[in-house]
Amino acid sequence: MTIHATAVVDPQAEVHETVSVGAYSVVGPDVSIGPNTVIDAHAVISGYTRIGAGNHIGSFSSLGTPPQDSHYQDEPTELIIGDGNRIREYVSIHRGTASGGGRTVIGNNNMLMAYCHVAHDCVLHDHVIMSNVATLGGHVEVGSYANLGGLVAVHQFCRIGAYTYVGGMSGISLDVPPYVILTGTRNRMRIAGVNKIGMRRNGMAREAINNIDSAFRIIFRSSPQVLVKEALAQATHEFPDSKEVRVLVDFFRESKRGVVKRTEDS
């Protein structure tokens, strides 16, 4: 274990012997940090925070601090961070609330660039990229391989689907379906098409991408007279064996806020 002389690590913290803690960083008593994790200078890790293996925590980041929720009464809620994440300088991630499930969860192999904020009770799956100053309100869920551009702001309780690309400075107030490219703010949100490049780069098979593209045309390019329910049923009927199409259809059916459906030409 390498702990700088100016760092403050509480004796009750569970810190693996291979962890490196930089100058002036602070690690609280209820924190657990797994092997081969690097904590740069001036980071603060507090609360009931569990950090896995092989993470890199940037300077001046703040992890596990109390949620910005007026109903929070200092309950022992948690922040859970998986393995292989890169959390850059000035990132803030708050722990959960008792009413929201009690935990904020960051999966594996995610990259959160400088000044990002993840609010209470959020769930990030795996291989998510949040560019500089991207911000998630409380209770947001972000699917695997999603990519949020710089200055993107996501309203609380929204969902961002897997493999989705959200363009910089977008303001998200509805659920964003998986596999798409989206830009815009609130009632000006527009879907440009299917994120074929992103899916291809992340190893999705050509057949799966083609199925998604065809299902997208059924759901998003159908005549305005075709109801969403009918379009979803048609996509399910035409691609009964495609798990990717099933994910897209189920995303619509499980939405509580409503899903962005407006495209650039609608």
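**Note on pockets, sheets and salt bridges**

1. The second largest pocket has a volume of about 260 Å³. Its lining is made up of 13 residues, and those closest to its centre are His139, Glu141, Phe157, Cys158 and Arg159. Sorted by class, this lining comprises 7 charged, 4 nonpolar and 2 polar residues. These values, like all that follow, are computed on a predicted model.

2. The largest pocket holds about 340 Å³ of space. A total of 21 residues line this pocket, and Ile129, Tyr145, Asn147, Gly198 and Asn202 lie nearest its centre. Helix α1 gives the most to the lining, with 4 residues. By class, the lining of the largest pocket has 9 nonpolar and 9 polar residues, together with 3 charged ones.

3. The domain division bears on the position of the largest pocket. The protein is divided into domain 1, covering 2-139, and domain 2, covering 198-254. Taken over C-alpha atoms, the centres of domain 1 and domain 2 are separated by 36 Å. Where does the largest pocket lie with respect to domain 1 and domain 2? The largest pocket lies between them, because both domain 1 and domain 2 give residues to its lining.

4. One open sheet has 9 strands, paired in the parallel sense and arranged in the order β2-β5-β8-β11-β14-β17-β20-β23-β26. Its edges are formed by β2 (8-9) and β26 (171-172); each has a single partner strand, so one side of each is left without a neighbour in the sheet. Within this sheet, the pairing of β20 with β23 may serve as an example. Strand β20 (residues 135-136) runs parallel to strand β23 (residues 153-154), and the two are paired over 2 bridges. Thr135 has Ala153, in β23, as its bridge partner.

5. Another open sheet has 8 strands in the order β3-β6-β9-β12-β15-β18-β21-β24, again with parallel pairing. The edge strands here are β3 (14-15) and β24 (159-160); because each has a single partner strand, one side of each is left without a neighbour in the sheet. Further inside the order, strand β18 (residues 123-124) and strand β21 (residues 141-142) run parallel and are joined by 2 bridges. Opposite Leu124 stands Val142, which belongs to β21.

6. Pro35 is placed in the loop between β6 (32-33) and β7 (38-39). How far apart are Pro35 and Gly52 in sequence and in space? Pro35 and Gly52 are 17 residues apart in sequence, while their C-alpha atoms are 7.2 Å apart in space. With a relative accessible area of 28%, Pro35 is partly exposed; this value falls between the 20% bound for buried residues and the 50% bound for exposed ones.

7. The count of salt bridges comes to 5. One of them joins Asp213 to Lys196 through their side chains, with an N to O distance of 3.4 Å. This pair links distant parts of the chain: Asp213 belongs to helix α2 (residues 206-220) and Lys196 to helix α1 (residues 196-201), with their positions 17 residues apart in sequence. Is Asp213 buried or exposed? Asp213 counts as buried, because its relative accessibility is 13% and the cut-off for buried residues is under 20%. Lys196, at 32% relative accessibility, counts as partly exposed.

8. Asp213 also takes part in a salt bridge with Arg217, where the N to O distance is 3.6 Å. The two residues are separated by about one helical turn, because Asp213 and Arg217 are 4 residues apart in helix α2. Which residues make up the network of salt bridges with Asp213? Lys196, Asp213 and Arg217 are linked in this network.

9. A further salt bridge is formed between Arg88 and Glu89, whose closest N and O atoms are 3.1 Å apart. Arg88 is partly exposed, with a relative accessible area of 37%. Glu89 is also partly exposed, with a relative accessible area of 27%.

Notes:
Residues numbered from 1 in each chain as written. Predicted model: local features only at pLDDT ≥ 70, side-chain atom pairs only at ≥ 80, totals over all residues. Heavy atoms only, no water. Pairing = 2+ DSSP bridges. Salt bridge = Lys/Arg side-chain N within 4 Å of Asp/Glu carboxyl O. Buried < 20%, exposed > 50% of the residue type's maximum accessible area, 1.4 Å probe, protein only. 1 Å grid on protein atoms, 1.4 Å probe; cavity = no way out; pocket = protein on both sides within 12 Å on 5 of 7 lines; lining within 4 Å. Points joined across faces, edges and corners; volume = space filled by probe spheres on them. Nonpolar A, V, L, I, M, F, W, Y, C, P; charged D, E, K, R; others polar. Domains from an automatic or database assignment.
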